[in-house]
Amino acid sequence: MSTLADLHFDNRFAALGDTFSSKVMPDPLHNPRLVVCSEDALQLLDLGPTEASDPLFTELFSGHKLWSTAEPRAMVYSGHQFGAYNPQLGDGRGLLLGEVVNQAGEHWDLHLKGAGSTPYSRMGDGRAVLRSSIREFLASEALHALGIPTSRALCVTVGDNPVYREREERGAMLLRLARSHIRFGHFEYFYYTRKHDELRQLLDFTLDTCYPDCRNQPEPELAMFRAVLKRTARMIAHWQASGFCHGVMNTDNMSILGITFDFGPYAFLDAFDARHVCNHSDHEGRYAFHRQPLIAQWNVACLAQALTPFIAVDTLKAELAQFIPTFEQHYLALMRRRLGWGDARAEDAEQLDALLQLMQTSGADYHLSLRKLAEDNPLVRDHFIDRSAFDSWLREHQARCQASTRERQAANPLYVLRNYLAQNAIAAAEQEDFDEVRRLHHILRRPFETQAGADAYAAMPPDWGKHLEISCSS
Ligand code: AMP
Ligand code: MG
């Protein structure tokens, strides 16, 4: 075990110098309070659960104190936002404090989001509000518990600083952990500014720090691109299988590690709706739930474009053609597991689609109907309007379902981070009551196991909670 004060830093990204990031000090929150902390995330840094009660913890993660060996930097990047290239992005309100090396020898980026303005803040105030910080915290840790590749969240702090969005809110900070904060947009920035030497340097850095195995391949750059593509396709397969809608799949929000990154107006589906758009600001439905696989492929194509100085265009095109087949293969495997289908069959996609169609026309709750199906609960029928169509689907399903109830429960969560549950926790936290955020976080750590006294968290959303509008302004 380590203690908070003696974390070991090795700041490799900062060492790349000022072309890649700018030195910026955090701008502290006034009168900071610790809202919530993840014990699981503490472990990644070899820290025990009691570290969070040390006053130093809140001081460090609200920008008041800093380790002498940390080197806070704002990273520069660009990216495609809603399909259009934006040459001017970067960490506008977050700082990479440094890279902590744990006892297993892993480097973990400590990124403090909401740490004040930077050279990349443009018109923004450099702040994050309590609402969005809690949403990112809960989602990171909930996705991780579901087995979905994601950045992690260590804690949220809140201060008295007023921050103005649609209304006056409180400023907060989120400490995000990830093995890297390099985004597709980092590569795009150096490609479109024609800084090919720096692009090469970034590529080498990413190979060494994120994809060292690719160094042993005959063409390391191509091997890395292939690995990013595969990981991204797998991540999207998890999102689709779990009913997770990201909401802002801009290329600056795409991690080079293929992990879920930069949570904004995300949502887990309630009633299954393939065309669900969770981002209130996404008027054209570009990032609708069913479009996520194609958008991810489009984003990987943006990365491919930025790698054209090093990899032949035809080679990249051939690789890109593998994206959807890779996604489909993983998606079907995940759904077979959810349904308990032991063997892969030619009719899998069709049989699955038939179920999703029935859910769509019935507005069936995605998670509860799958969970009841996993438990062979006859009440599953109540989720469907066309009972006879569902019954005939069910007969075919039962004829091939091989996994035990226990195995199927372990693939179908009972507790899901529905928007209304997050909303309840946020409303209480805004009144300085952090119990509900902590309770919800605690329940979502074990989403597959029935937990005593947690029935209310496994219920259908109330009417008010079905159509919450979440926008980009966070
Ligand atoms: P996001 O939609 O959170 O991924 O942010 C897109 C870009 O806008 C990133 O470069 C952010 O750093 C920047 N940004 C978002 N909110 C703010 C803010 N309040 N102040 C400064 N920059 C921001
Ligand atoms: Mg972003």
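A nonpolar core is here a set of buried Ala, Val, Leu, Ile, Met, Phe, Trp, Tyr and Cys residues joined through side-chain atoms within 4.5 Å. In the present structure, which is a predicted model, the largest such core comprises 150 residues, and the members that touch the most others are F57, F187, F225 and L417. Helix 6 (residues 220-242) supplies the largest share of this core, namely 13 residues. Both domain 1 (4-183) and domain 2 (341-409) contribute residues to the core, which therefore lies between them. The centres of the two domains, taken over C-alpha atoms, are 41 Å apart. In soluble globular proteins, a tendency exists for nonpolar side chains to be buried together.

The surroundings of F57 illustrate one of these highly connected positions. With residues up to four places away in sequence set aside, F57 touches L4, L34, C37, L42, E51, A52, L154 and C155. Strand 2 (residues 33-37) has 5 of its 5 residues buried, so this strand is largely enclosed by the rest of the structure. Strand 2 is joined by 4 bridges to strand 9 (residues 152-164), and the two strands run antiparallel. Within this pairing, V36 has V156 of strand 9 as its bridge partner.

Strand 9 also holds R152. This arginine is buried, its relative accessible area being 5%. Apart from neighbours within four places in sequence, R152 is in contact with S38, D40, A41, L44, W108, S140, E141, H144, L175, R176 and L177. R152 and A139 are separated by 13 residues in sequence and by 8.9 Å in space, C-alpha to C-alpha.

A magnesium ion (ligand 2) has two protein donors, N253 through OD1 and D262 through OD, at 1.9 to 2.1 Å from the ion. N253 is buried at a relative accessible area of 10%, and D262 is likewise counted as buried, at 14%. Both donor residues appear among the contacts of R183, which occupies the loop between strand 10 (168-178) and helix 4 (184-192). R183 is buried, with a relative accessible area of 1%. Beyond N253 and D262, the contacts of R183 outside its neighbours within four places in sequence include Y77, D91, R176, T251, D252, M254, S255, I256 and F261.

An unreviewed UniProt entry assigns the feature "binding site" to G90, G92, R93, K113, D125, G126, R176, R183 and D262. The magnesium donor D262 is thus one of the positions listed in that record. Another listed position, G126, is placed in the loop between strand 7 (107-113) and strand 8 (128-129). G126 is buried, with 4% relative accessible area. Its contacts, not counting residues up to four places away in sequence, are G92, R93, G114, A115, G116, S117 and S121. Of these contacts, G92 and R93 also carry the UniProt annotation.

F263 lies in the loop between strand 11 (244-245) and strand 12 (267-268). F263 counts as buried at 6% relative accessibility. With residues up to four places away in sequence excluded, F263 touches K113, E136, A139, S140, L143, T150, S151 and F244. K113, one of these contacts, is a further position named in the UniProt feature. F263 and S133 are 130 residues apart in sequence, whereas their C-alpha atoms are 9.2 Å apart in space.

Two residues other than glycine adopt positive phi values in loops. The phi angle of D46 is near 60°, and D46 sits in the loop between helix 1 (39-44) and helix 2 (55-60). R122 has a phi near 50° and is located in the loop between strand 7 and strand 8, where G126 is also found. The two residues differ in accessibility: D46 is buried, with a relative accessible area of 13%, whereas R122 counts as exposed at 51%.

Conventions
Residues are numbered from 1 along each chain as its sequence is written. Chains are lettered from A and ligands numbered from 1 in the order in which they are written. This is a predicted model: local features need pLDDT of at least 70, side-chain atom pairs count only at pLDDT 80 or more; totals for chains, interfaces and linings use all residues. Side-chain values use heavy atoms; hydrogens and water are left out. Buried means under 20% relative accessible area, exposed over 50%, partly exposed in between (1.4 Å probe, protein chains only). Two strands pair if DSSP finds at least two bridges between them. Donors are N, O and S atoms within 2.8 Å of the metal (3.2 Å for Na, K and Ca); water is not among the atoms, so sites may look incomplete. Domain bounds come from an automatic or database domain assignment. Contact means heavy atoms within 4.5 Å. UniProt positions are given in the numbering used here, feature names are shortened, and annotations may be inferred rather than shown by experiment.
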